[in-house]
Amino acid sequence: INLSGQCFPLRTQPQIRAALDDQPGRNFVETFDPLTTWVDPYARVRRIRIEVPFRSTGYNLPRLRVDRWQRHLGDARYVGGSPYAGLTREFCEHLIRSPLLPRYRRCLRFAYRPDEVLLPTFIMNSPMKDSVVNRNFHRVDWRAGGSHPRTCTIDDAAELLASEAFFARKFDIDVDAPIVDLLESRLVESRPR
């Protein structure tokens with residue numbers, strides 16, 4: 001299960017394991033059609049993206065618009081999704097051993113947020129596409145708008161405690177440490193003794 005440094009568990013490890021054991025051999029990857037979801041979806045994979053250190057945003061080089069997708073991946077279906085996935089060992093081994101992985105790396109090397117393209121596109125173009133459950137284990141709050149999720153605070157406690165998700169993001173103890181303390185105490189209380 002992929003996590004970020006701003007994720008926090010809402011369930012114990014035994015609870016997560018039990019839920020996953022009910023669906024053996026399944027890969028949990030949120031997928032969607034980027035052509036209907038993202039603004040200028042091909043800019044992510046056709047243009048060269050420059051990210052400047054210590055700047056909050058980067059920029060696309062407008063004159064270097066090349067079809068890197070077609071060059072490296074040919075007719076592979078372009079799929080977007082979340083980088084936070086629950087993957088089987090079988091799929092992970094398939095991914096790292098695949099002779100196609102270097103082509104994906106070359107295509108996405110200068111892409112904008114390639115982590116939102118690599119896993120969903122790779123698995124949906126692989127023999128394991130039928131093992132995919134279109135689900136993300138994370139509760140993420142996008143209500144603030146923009147390209148970053150809202151930081152959870154103690155005001156979100158009731159919603160987080162009622163959530164069926166395994167994890168939530170994003171948290172920042174410099175913004176609100178009490179919510180992390182509350183969730184941690186709940187996990188400790190629900191541990192089997």
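A polar contact is a pair of N or O atoms within 3.5 Å; within protein, one must be able to donate a hydrogen and the other to accept it, and residues adjacent in sequence count only if both atoms are side-chain atoms. The model is predicted: local features need pLDDT of at least 70, side-chain atom pairs count only at pLDDT 80 or more, and totals for chains, interfaces and linings use all residues. Residues are numbered from 1 along each chain as its sequence is written, and side-chain values use heavy atoms, leaving out hydrogens and water.

**Exercise 1.** Find Asp141 and describe its surroundings.

*Solution.*
- Step 1: Locate the residue. Asp141 lies in the loop between strand E8 (138-140) and helix H8 (157-162). Helices (H or I, at least four residues) and strands (E, at least two) are DSSP runs, numbered from the N terminus.
- Step 2: Check burial. Asp141 has a relative accessible area of 3%, so it is buried. Buried means under 20% relative accessible area, exposed over 50%, partly exposed in between (1.4 Å probe, protein chains only).
- Step 3: List polar partners. The Asp141 side chain makes a polar contact with the side chain of Arg143 at 2.6 Å. With the side chain of Arg150 the distance is 2.5 Å.
- Step 4: Add contacts (heavy atoms within 4.5 Å). Leaving out residues up to four places away in sequence, Asp141 touches Pro149, Arg150 and Arg169.

**Exercise 2.** Work out the strand order of the open sheet of three strands.

*Solution.*
- Step 1: Read the order. It is E1-E9-E8, with mixed pairing.
- Step 2: Find the edges. Strand E1 (7-9) and E8 each have a single partner strand, so one side of each is left without a neighbour in the sheet.
- Step 3: Note the twist. It averages 25° from one strand to the next. Axes here are lines fitted to C-alpha atoms, for helices over the stretch in contact, and angles run from 0 to 180 degrees between N-to-C directions.
- Step 4: Inspect one pair. E1 and strand E9 (residues 167-169) are antiparallel, over three bridges. Two strands pair if DSSP finds at least two bridges between them. Pro9 stands opposite Phe167 in E9.

**Exercise 3.** Is Ser82 buried or exposed, and what does Ser82 contact?

*Solution.*
- Step 1: Place Ser82 in the loop between strand E6 (80-81) and helix H5 (89-97).
- Step 2: Read its relative accessible area, 6%; Ser82 is therefore buried.
- Step 3: Follow the side chain. It reaches the backbone nitrogen of Tyr84 at 3.0 Å.
- Step 4: Set aside neighbours within four places in sequence. Ser82 is then in contact with Glu30, Pro120 and Asn136.
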